[in-house]
Amino acid sequence: MDERMGLKALAYDVPEHANNLAWSLGALTAISFFLLLVSGIYIAQWYNPMPEVANQSVRTIMTQAPLGAFARGLHYWAAQAMYILALVHMLRVFFTGSFKRPREGNWIVGAAMLLLTFLAVFTGTVLKWDQEGFEALTHNLDVAELIGGLGIWFTGELAPEVPLVLRLYIGHAVIIPGLILALFVIHALLVKRHKISPHPDIPPATLEEPAPFTEHLKRAGAYGLVLLGILAALSVLLPPIIGPTPVAGIETTRPLWMFWWFFPFEQWFGVSSVGIIMGGVFFALFLVPFLDRSPERGWRQRKLAVTLLGLLALFMLVVSVYVWVNNAQGH
């Protein structure tokens, strides 16, 4: 097989510290994405992206399609798992300084993949076309109108004869996964080129012999089986709900938890503040390698960078708790 396909060209030495769970979060993120692809292809066989029947087609998936409820539940929970794992993976990379020279480019690629994951969850929320999805799209349209031509893809002005739900479905099922796959290939090739970064707390003189790449795949696969078991259990025990068909002109829902950190800013400062907050946070994320340029990699030696990240996380947590406590209904 290797003589014909050259599969060993994909392998690289893996230090022992990279085989633990914290350093395997990137692989678990990729496994979550694979589960999303498989479950998404399956439920797409019954989903109808036309707004008149989109909500009912989701109900058909839940009640009539073979294993449809389980597949949709797996898709729902795998999406949240991918978002959480990608975020925690980037936090591990940040705290261990693994984004520093010569790996700045891979941090930017990873940040772009996190942003695309965020957009995938948003578009998926809209596609079920219940009251929550409708209100999410309404807020998105408000922000899109404020940024003018840059937001035209999210409005009906680009192609008036194409329903927005259909366009978001194309983005959710084709454009966003395609971009994530392309960036994943770049991400993997950069890891192979620069190797996995050394652990900042392990002196170079004490490093063990690197493990074979196949051993790393075995451990990542074992973690992936545990993840699959957890997601399958959640799919059965906590299946995602779907609300009624949407009614225009009212606001009665709050979004999925990962959108809470910017949700109330519209009420406080107007619609424009939502775009500013979201853009500012992701822009700061892309700038991390250029702002934290010290040669130190351990988090204890980078007090300023760690403090700023902590303040940002605290800000997002406080706003999220505010939304959870107040429910933000009728905002």
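What covers the buried residues of H6? In this predicted model, the cover includes helix H5 (104-127), helix H7 (164-194), helix H9 (265-269) and helix H10 (271-291).

Let's look at H6 itself. The helix runs over residues 131-146, which makes 16 residues. From its first C-alpha to its last it reaches 23 Å, close to the 22 Å expected at 1.5 Å a residue. Its buried residues include Phe 134, Glu 135, Leu 137, His 139 and Val 143. After H6 comes Gly 148, with a positive phi near 65°.

One of those buried residues, Glu 135, has a partner outside the helix: its side chain makes a polar contact of 2.9 Å with the side chain of Thr 253. You'll find Thr 253 in the loop between helix H8 (213-237) and H9. Thr 253 counts as buried because its relative accessibility is 18%, under the 20% cut-off. Setting aside neighbours within four places in sequence, Thr 253 touches Gln 131, Glu 132, Glu 135 and Phe 263.

Now for the rings. The whole structure holds 21 aromatic pairs. In one of them, Phe 118 and Phe 259 meet edge-to-face, 5.1 Å centre to centre with 75° between the planes. That pair links distant parts of the chain, since Phe 118 is in helix H5 and Phe 259 is in the loop between H8 and H9, 141 residues apart. Both Phe 118 and Phe 259 are buried. They also belong to a cluster of linked ring pairs, together with Tyr 83, Trp 257, Trp 261, Phe 262 and Phe 282.

Some rings have an arginine over them:

| Arginine | Ring | Distance to ring centre |
|---|---|---|
| Arg 92 | Trp 23 | 3.8 Å |
| Arg 302 | Phe 94 | 4.9 Å |

Terms used:
Residues numbered from 1 in each chain as written. Predicted model: local features only at pLDDT ≥ 70, side-chain atom pairs only at ≥ 80, totals over all residues. Heavy atoms only, no water. Helix = DSSP H or I, 4+ residues; strand = E, 2+ residues; numbered from the N terminus. Expected span 1.5 Å × (residues − 1). Buried < 20%, exposed > 50% of the residue type's maximum accessible area, 1.4 Å probe, protein only. Contact = heavy atoms within 4.5 Å. Polar contact = N/O pair within 3.5 Å; in protein donor to acceptor, adjacent residues only side chain to side chain. Phe/Tyr/Trp six-rings, centres within 6.5 Å; stacked < 30°, edge-to-face > 60°. Lys NZ or Arg CZ within 6 Å of the ring centre and 35° of its normal.
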